[in-house]
Amino acid sequence: MGVAGFITITFIILFGALFIHITNKINKMEINTRDRGAEIDSSLWDRTFRLSRICSLLNAKGIENELECPDVNALGLGVSAPIQAANAEKLDKQDILLRSIIKEHPELTSDEAFSTELEKFNNARNEMFRYSLSYNKSVNAYNSYISSFPASVIVIFNKKNDKQIFGYVFTELDSKVE
């Protein structure tokens, strides 16, 4: 084997090692992004579950309300970030309605079961906020990495695409009622 053959084989080995290394890094970043998305899913599920429990408590007390009491079993897990954001928005709209119900019925805050569910409902929103920051950070890192050379060439072979951010804007809800 001549020098040209040795250089060719060395080039192929280096290219293969680089391809494997970058593919591995892309896959790890993608898994991290998926894990962060699952954290958002878990907070959405918990928040939905807590709202359904709150609805049951309100109904048991005979308090009429316009809350859309969700079916936790109908909540799709593992959905895309835009669908997660839409679900978060729906929950915040229900949260605003719930806060107006609490203002009309301040005795609810002295009910231990109701207060516990409300606290867990609010905590799940705070968790979702933290998880969304972590998710968006990992998505931005992933998207940035796969758009740079040489990863941008390798993603074509691996058929990978940009990930969407969790685009829900968390607004401050009336903090007087908790």
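Helix α1 (residues 3-60) and helix α3 (residues 112-146) have axes that come within 8 Å and cross at roughly 160°. This is a predicted model, with local features needing pLDDT of at least 70 and side-chain atom pairs counting only at pLDDT 80 or more, while totals for chains, interfaces and linings use all residues. Residues are numbered from 1 along each chain as its sequence is written, and side-chain values use heavy atoms, with hydrogens and water left out. Helices here are DSSP runs (H or I, at least four residues), numbered from the N terminus.

Two packed helices are described by the angle between their axes and the distance between the axes. The axes are lines fitted to C-alpha atoms, over the stretch in contact for helices, and angles run from 0 to 180 degrees between N-to-C directions. On that basis α1 and α3 are roughly antiparallel to each other; angles over 145 degrees earn that label, with under 35 counting as roughly parallel, 65 to 115 as roughly perpendicular and the rest as oblique. The crossing of α1 past α3 is left-handed, meaning that the near helix is turned anticlockwise from the far one by less than a right angle (clockwise would make it right-handed). Then there is α2 (residues 81-104), whose axis comes within 12 Å of that of α3, with a crossing at roughly 150°. That pair, α2 and α3, also comes out roughly antiparallel, and the crossing of α2 and α3 is left-handed.

On to the charged side chains. Counting a salt bridge whenever a side-chain nitrogen of Lys or Arg sits within 4 Å of a carboxyl oxygen of Asp or Glu, the total comes to 12 salt bridges. One of them joins R36 and E39 at 3.1 Å, N to O. These two residues are 3 apart in α1, so about one helical turn separates them. R36 is buried, at 19% relative accessible area, whereas E39 is partly exposed at 22%; the cut-offs are under 20% for buried, over 50% for exposed and partly exposed in between (1.4 Å probe, protein chains only).

A salt bridge also links R47 and D92, at 3.0 Å from N to O. R47 belongs to α1 and D92 to α2, so this contact ties together parts that are 45 residues apart in sequence. Both R47 and D92 are buried. Within α2, R99 pairs with D95, and their closest N and O atoms are 2.7 Å apart. R99 and D95 are 4 residues apart in that helix, about one turn. R99 is buried with a relative accessible area of 11%, and D95 is buried at 0%. Shared partners join the salt bridges of R47, D92, D95, R99 and R125 into one network.

What about the outside? M1, V3, F6, I7, I9 and I13 make a nonpolar surface patch of about 700 Å². Patch members have over 30% relative accessible area and no salt bridge, with nonpolar side chains (Val, Leu, Ile, Met, Phe, Trp, Tyr) joined within 5 Å and like charges within 9 Å; the areas come from the Shrake-Rupley method with a 1.4 Å probe, and for residues only the protein chains shown count as cover. I13 lies in α1 and is exposed, with a relative accessible area of 56%.

Finally, N158 is in helix α4 (residues 151-158) and is partly exposed at 24% relative accessible area. The C-alpha atoms of N158 and N27 are 9.6 Å apart, although their positions lie 131 residues apart along the chain.
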